[in-house]
Amino acid sequence: MSVSPREILQNTFGYPEFRGPQEEIINTALSRRDALVLMPTGGGKSLCYQIPALCLDGTAIVISPLIALMQNQVEALLALGIPAAALNSNCPPEEQSQIFNDLKNGNLKLLYVAPERLSAPGFIDFLQTLNISLFAIDEAHCVSHWGHDFRPEYLKLEQLQEAFPGIPRIALTATADERTEKDIISRLGLQYGQIFRSSFDRPNISYHVGGKNNAMAQLMKFIKHRHNGDAGIVYCMSRKKVETIAAKLQENGFEALPYHAGLTAGERAHNQSRFIREEGLIMVATIAFGMGIDKPNVRFVAHLDLPKNMEAYYQETGRAGRDGLPATAWMIYGQQDIARLRMMLNDNPSAEQRIADHQKFNALLGYAEELACRRQILLNYFNEKSEPCGNCDNCLTPPDIQDATRDAQLALSCIYRTGQIFGAGHIVNVLTGNKSDKVTELAHDQLPLFGEGKHNSRHEWQALIRSLLARDLIHQDMEGYGALSLKESCRSYLKGDAKFAIRREEKSSGQARVSPKILDNPEEQALFDKLKALRLELAREADVPPYVIFHDRTLLEMVHLRPTDMTAFSSISGIGATKREKYGDAFLDAINGEAEEQAS
Ligand code: ADP
Ligand code: ZN
């Protein structure tokens with residue numbers, strides 16, 4: 001081996017040190033052993049196969065499920081001066097034959113391919129004629145039915161073990177619970193490989209979850225107060241809702257774009273490329289958007305609808321703050337959202353899967369309802385123990401916890417006494433003693449518990465009912481009026497035997513929170529903005545996303561260190577030889593021009 005992994009890390013990628021288990025994983029691949037890498041988003045998985053690919057002779061094959069991801073990665077590699085290409089259905093024929101030629105001539109260090117390409121007739125045979133250094137299987141959870149994103153084409157990867165004996169395979173994923181992990185190992189035949197499990201913690205992400213009352217107002221308040229001008233993703237469940245929310249954000253002066261499977265491929269590509277190439281855009285999207293978007297400076301991910309389970313939540317929120325700088329995961333949910341998702345989960349024809357899906361959804365709801373540290377719950381779900389984090393809503397502002405045993409009992413009795421055929425609106429009317437037409441008509445004002453819940457506002461009762469639903473104590477019918485009915489599990493609460501605690505609803509005060517501070521003073525901010533503008537200009541010229549030139553983190557370091565010469569400049573993290581040559585002068589000028597202006 002001519003160059004060491006460390007030299008490549010420093011000279012090509014411009015990073016001073018390996019992160020976490022990277023070096024060990026790289027050495028495993030170099031000694032031709034298989035590996036399963038479980039590492040959170042932003043943990044630095046790519047280097048784990050890119051560096052061995054550069055150390056070893058031949059071409060590394062990277063299997064990746066999404067075209068956007070491949071293109072991002074290839075763009076970034078080319079910018080570092082590394083010969084790489086992506087083979088997918090988007091490739092025009094001339095480009096394809098060029099790639100095949102390059103492969104035959106051994107000119108590529110990395111080739112990214114979609115999994116369906118592997119199953120194309122003759123492709124594996126073709127690969128067997130080449131000098132392959134290793135296989136990297138990205139998003140490896142796609143091979144498992146238990147993962148949340150099963151892709152049948154991934155099953156083809158089972159063949160690699162036999163077709164390429166002795167060639168190391170590195171499977172990587174950011175989301176796998178125990179069952180999924182076992183499945184990956186057996187399907188990909190990694191029994192003799194090594195497992196590298198990093199902590200899944202994303203300490204820079206601050207988690208916030210709240211009740212939904214006016215989604216649009218809550219969302220705008222959140223963005224304005226915490227992330228004004230930042231790039232972010234807003235997830236919604238339906239296409240229609242995506243369109244509505246995007247339009248409303250635009251009307252209110254936010255730069256927002258829609259993304260969902262109902263747009264034409266052209267529109268989707270256009271919006272995605274704007275999100276990646278411009279600064280500070282908000283993408284309102286269904287989950288069709290995101291996998292494979294590795295824009296590092298997404299500062300927030302907002303959920304206006306509940307994801308199906310913790311894995312999905314963790315993966316979606318994980319798209320925030322890949323660069324390690326402060327970011328927020330924010331979610332609001334209401335009673336309707338819970339009922340709607342439960343109904344969707346019931347659509348699954350397999351009873352076994354249905355039960356598993358509901359269990360997983362309950363875990364997510366448990367997280368959402370949690371009154372203590374959210375990170376502890378999240379990490380615990382992935383079998384990690386941790387201390388209270390100090391960086392989630394419950395840690396930052398401990399909730400005012402209220403014993404609601406008696407209220408829960410009241411609400412449950414009310415549902416029972418009125419015949420388990422009414423929606424939340426009517427139940428709340430009865431509890432608060434509101435003589436609506438329906439109440440009078442049905443003589444529900446004659447019930448002993450009519451008006452027994454006057455001590456709470458409607459809003460508080462709604463929140464309590466949401467909480468009963470979230471804890472799976474009651475059921476809501478999604479047809480008609482959304483009738484509430486009791487579940488077997490509520491028995492001890494109905495009798496008042498089990499304690500029921502909830503968060504006291506905040507009296508929606510407009511307490512302003514400032515966005516997380518990255519820079520200390522206006523002068524630093526001005527230089528940062530200037531460097532960002534220069535980066536955008538260079539990115540436009542090179543037709544690449546700004547972060548392919550330099551990450552925010554690298555620009556921040558320039559602001560803090562103020563290098564005056566090339567030696568100081570090169571010491572900054574994220575600046576390798578190629579980038580130093582290409583951009584060093586321009587940035588040094590910008591930094592030092594700024595310094596002179598300050599001095600004069
Ligand atoms: P993942 O695929 O695990 O989500 P990436 O491979 O995209 O993460 O890496 C996340 C970010 O961390 C990237 O911007 C990458 O350049 C950076 N990075 C990776 N390894 C290191 C390192 N050793 N030192 C500094 N930055 C690193
Ligand atoms: Zn916490």
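Trainee: What distance separates an oxygen atom of ligand 1 from an N or O atom in the side chain of Lys-45, and what makes such a pair a polar contact?

Mentor: The distance is 2.8 Å, and a polar contact is a pair of N or O atoms within 3.5 Å (within protein, one atom must also be able to donate a hydrogen and the other to accept it, and residues adjacent in sequence count only if both atoms are side-chain atoms). The value for Lys-45 is therefore within the cut-off. Bear in mind that this is a predicted model, in which local features need pLDDT of at least 70 and side-chain atom pairs count only at pLDDT 80 or more, while totals for chains, interfaces and linings use all residues. Residues are numbered from 1 along each chain as its sequence is written, chains are lettered from A and ligands numbered from 1 in the order in which they are written, and side-chain values use heavy atoms, with hydrogens and water left out.

Trainee: Which other residues have a polar atom paired with an oxygen atom of ligand 1, and what share of the ligand's accessible area does the protein cover?

Mentor: A polar backbone atom of Gly-44 is 3.1 Å from an oxygen atom of the ligand, and an N or O atom in the side chain of His-551 is 3.2 Å from one. The protein covers 84% of the 560 Å² of accessible area that ligand 1 has on its own, an area that comes from the Shrake-Rupley method with a 1.4 Å probe (for residues, only the protein chains shown count as cover).

Trainee: What makes a residue count as near ligand 1, and which residues come nearest?

Mentor: A residue is near a molecule or strand if one of its heavy atoms lies within 4 Å of it. There are 15 residues around ligand 1, of which Tyr-15, Gly-42, Lys-45, Ser-46 and His-551 come nearest. The largest share of this shell, 3 residues, comes from helix α3 (residues 45-55), where helices (H or I, at least four residues) and strands (E, at least two) are DSSP runs numbered from the N terminus. The shell divides into 4 nonpolar, 7 polar and 4 charged residues; Ala, Val, Leu, Ile, Met, Phe, Trp, Tyr, Cys and Pro count as nonpolar, Asp, Glu, Lys and Arg as charged, and the others, Gly among them, as polar.

Trainee: Which residues are the protein donors of the zinc ion (ligand 2), and why is its site called tetrahedral?

Mentor: The sulfur atoms (SG) of Cys-373, Cys-389, Cys-392 and Cys-395 lie 2.3 to 2.4 Å from the zinc ion, and they are donors because N, O and S atoms within 2.8 Å of the metal count as such (3.2 Å for Na, K and Ca), although water is not among the atoms, so sites may look incomplete. Four donors count as tetrahedral if all angles lie between 85 and 135 degrees, and the angles here are 102 to 119 degrees, so the site is tetrahedral. In sequence the donor residues are spaced C-x15-C-x2-C-x2-C.

Trainee: Why is Cys-389 called partly exposed?

Mentor: Buried means under 20% relative accessible area, exposed over 50%, and partly exposed in between (1.4 Å probe, protein chains only). Cys-389 has a relative accessibility of 26% and so counts as partly exposed, and Cys-395, at 23%, is also partly exposed.

Trainee: What are the exposure classes of Asn-383 and Arg-562, and what is noted about their phi angles?

Mentor: Asn-383, in the loop between α16 (374-381) and α17 (393-396), has a relative accessible area of 54% and is therefore exposed. Arg-562, in the loop between α25 (552-561) and α26 (566-570), has 24% and is therefore partly exposed. Phi is positive in each, near 60 degrees in Asn-383 and about 45 degrees in Arg-562, and neither residue is a glycine.

Trainee: How do you know whether Asn-592 is buried or exposed, and what lies 3.5 Å from a polar atom of its side chain?

Mentor: Asn-592, in helix α27 (residues 577-599), has a relative accessible area of 18%, so it is buried. The backbone oxygen of Pro-563 lies 3.5 Å from a polar atom of the Asn-592 side chain.

Trainee: Where is His-426 found, and is this residue buried or exposed?

Mentor: His-426 is found in helix α19 (residues 424-432), and at 5% relative accessibility it counts as buried. Its C-alpha atom is separated by 68 Å from that of Gln-98, 328 residues apart along the chain.

Definitions and conventions:
Tetrahedral: all angles 85-135°; square planar, octahedral: opposite > 155°, others 65-115°.
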